[in-house]
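Thanks for coming. I have one structure to go through today, and I will keep to what can be computed from the atoms. Please have the sequence and the coordinates open.

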Amino acid sequence: MSDADRHKPFEDRTLLVVSTNYAPELTGIGPYAAQLAEHWAASGAETHVLTGMPHYPSWRTEAEYRGVWRVAEKRAGVTVHRRRHYVPPRQTALRRAAFEATVLGHGLLSPPVSRPPDAVISQMPSLAGGVIGARLAGRHRVPHIPVVQDLMGAAAAQSGIRGGGRAAAVASAAERYALRGAALVGVIHESFVPRVTEYGVDPGRIRIVPNWSHVQAPSADRAGTRARLGWSEGAPVVLHSGNMGLKQGLEVLIDAARLAPEIRFVLMGDGNQRAALLGRATGLRNLDFLPPAGADEFTDILAAADVLAVTQRASVLDMSVPSKLTSYFVSGRPVVASVADGGGTAQEVHRSGAGILVAPEDPAALLSAVRKLFEAPAEADRIGANGPQYVARHLSREAGLARFDALLTEVLADAQGRPRR
């Protein structure tokens with residue numbers, strides 16, 4: 001019998017995870033929700049997930065799920081209950097509201113059919129996910145544990161989405177409802193704590209549960225990968241990977257590419273702003289758009305670049321810490337972060353020592369940092385090497401999952417000591 005078989009801390013427990021995003025989505029929150037649920041299933045819990053249809057980051061429902069109203073499937077020991085919802089092809093406040101409303105309505109009208117769970121864990125930023133988690137926990141009189149990955153109230157105000165000002169108040173009200181009655185609240189970064197506290201959550205009920213690196217270290221020959229992608233060894237490559245949305249402010253990379261024809265810029269991924277970015281990049285021969293990479297080659301492509309870019313609009317401060325950072329750090333390449341100083345993203349780049357911070361929405365500042373790194377390859381390698389070391393010290397999967405185990409254990413022990421509400 002293996003150690004895993006002997007040690008099942010959540011045996012005889014039933015857990016419900018609510019997350020609008022889930023595997024097979026490869027980026028964003030989906031991989032974290034999937035690895036967490038699979039970990040708890042391996043730890044002995046009967047684990048159920050209430051989720052939507054795979055659609056991120058393309059914001060198009062994957063072909064095999066189109067027309068499906070609801071389905072239950074088994075993935076890695078987890079029972080996954082999928083519910084159909086509207087997927088907006090473009091982001092406006094009204095379209096996003098329709099997305100959240102359909103997730104909320106279908107989730108509440110058709111929750112998973114199983115015995116009552118011992119706890120409900122919800123992944124936010126989905127407003128609907130947080131509200132569903134709170135409602136189902138209340139219905140079964142069990143603890144609710146929301147995990148804050150992003151804050152949609154702040155996002156609506158900071159991201160530049162059309163109609164965002166009006167949506168911010170509604171989103172904040174939904175977040176306040178989901179968080180204020182929680183047993184404990186998990187946040188992925190300490191920069192979220194002040195805003196969560198403003199929602200009426202006692203700071204003593206907030207726990208820091210950082211995201212971990214959910215990808216494998218690069219293994220392919222770097223020169224071979226560059227040759228396969230058509231990247232010359234003599235020309236620097238700046239790569240951005242991940243969602244192409246409003247809050248990323250990716251226009252700064254296109255404008256930088258226009259100023260520096262000798263540097264190749266690569267945008268790898270998908271998102272609701274991809275078409276607009278393609279239009280803005282018309283005529284640029286030194287800018288490539290690549291589809292999202294598969295898990296088997298993702299970090300190899302990251303490692304083949306010279307510089308990895310993370311960008312955000314100048315208004316983005318306390319509503320998001322990009323999940324791409326954990327993957328960037330694993331790759332061993334230096335990061336240039338075009339983000340506001342003082343926000344969670346800037347704090348992570350400073351803390352890791354794996355990148356350089358430049359002013360957001362400033363293509364000249366970004367280019368200056370890129371050129372300095374390319375002209376000093378030994379220094380670039382030294383900065384990049386700090387990334388894997390930071391992951392090993394703070395962002396390993398084992399450490400991340402252990403923090404969630406501690407969070408769940410604390411809540412279950414507390415609930416066991418008092419009658420259900």
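I will take the parallel sheet, then strand β4 and its partners, two helices, a cavity, and finally some backbone details.

One caution before that: this is a predicted model.

Start with the open sheet. It has 6 strands, in the order β11-β10-β9-β12-β13-β14, and the pairing is parallel. The edge positions belong to β11, residues 287-290, and β14, residues 355-358. Each has a single partner strand, so one side of each is left without a neighbour in the sheet. On average, neighbouring strands here are turned by 25° against each other, direction ignored.

For one pair in that sheet, take β9 and β10. Residues 237-241 make up β9 and residues 264-268 make up β10, and the two are joined in the parallel sense over 5 bridges. If you want a register point, V237 has R264 as its bridge partner in β10.

Next, β4, which covers residues 78-83. Which way do its side chains point, and are they buried or exposed? V78, V80 and R82 go one way, T79, H81 and R83 go the other, and all are buried. Put as a count, 6 of the 6 residues of β4 are buried, and the strand is mostly covered.

β4 pairs with β2 in the parallel sense, over 4 bridges. Within β4, H81 is the residue opposite L50. β4 also pairs with β3, this time antiparallel, through 6 bridges. There, K74 stands opposite T79 of β4. The hairpin of β3 and β4 has 2 residues between the strands, and A76 in this hairpin takes a positive phi near 50°.

As background, strands of a sheet pair through backbone hydrogen bonds, either parallel or antiparallel.

Now two helices. Helix α3 runs over residues 93-109, 17 residues in total. From first C-alpha to last, α3 reaches 24 Å, close to the 24 Å expected at 1.5 Å a residue. Its buried residues are A93, R96, F99, E100, V103, H106, G107 and L108. An α-helix has 3.6 residues a turn, so residues three or four places apart point the same way. You can read the list of buried positions in α3 with that spacing in mind.

Helix α4 has 14 residues, which should span 20 Å at 1.5 Å a residue. The end C-alpha atoms of α4 are 20 Å apart, which agrees. How many of the 14 residues of α4 are buried? The count is 10, so α4 is largely enclosed by the rest of the structure. The buried set is L127, A128, G129, G130, V131, I132, G133, A134, L136 and A137.

On to cavities. A search of the whole structure finds 2 of 30 Å³ or more. I will discuss the second largest, with a volume of about 80 Å³. Its lining consists of V18, S19, T20, L50, T51, G52, R83, H85, V103, G107 and I132. The elements that give two or more residues to this lining are β2, residues 46-51, and α3. By class, the lining has 4 nonpolar, 6 polar and 1 charged residues.

Several of these names have come up already. L50 lines the cavity and stands opposite H81 in β4. V103 is another lining residue; V103 is in helix α3 and counts as buried, at 11% relative accessibility. V103 and R83 are 20 residues apart in sequence, with their C-alpha atoms 7.5 Å apart in space.

Last, the backbone details. The peptide bond between A23 and P24 is cis, with omega about 15°. P24 sits in the loop between β1, residues 14-18, and α2, residues 30-42. A cis bond also runs from Y56 to P57, where omega is near 10°. P57 belongs to the loop between β2 and β3.

W59 is in the loop between β2 and β3. Its phi is near 55°, a positive value in a residue other than glycine. Is W59 buried or exposed? W59 is buried, with a relative accessible area of 6%.

R141 also has a positive phi, about 55°, and comes just after α4. Its loop lies between α4 and β6, residues 144-148. At 52% relative accessibility, R141 counts as exposed, because the cut-off for exposed is over 50%.

That is the set I wanted to show.

Conventions. Residues numbered from 1 in each chain as written. Predicted model: local features only at pLDDT ≥ 70, side-chain atom pairs only at ≥ 80, totals over all residues. Heavy atoms only, no water. Pairing = 2+ DSSP bridges. Axes fitted to C-alpha atoms, helices over the stretch in contact; angles between N-to-C directions. Expected span 1.5 Å × (residues − 1). Buried < 20%, exposed > 50% of the residue type's maximum accessible area, 1.4 Å probe, protein only. 1 Å grid on protein atoms, 1.4 Å probe; cavity = no way out; pocket = protein on both sides within 12 Å on 5 of 7 lines; lining within 4 Å. Points joined across faces, edges and corners; volume = space filled by probe spheres on them. Nonpolar A, V, L, I, M, F, W, Y, C, P; charged D, E, K, R; others polar.
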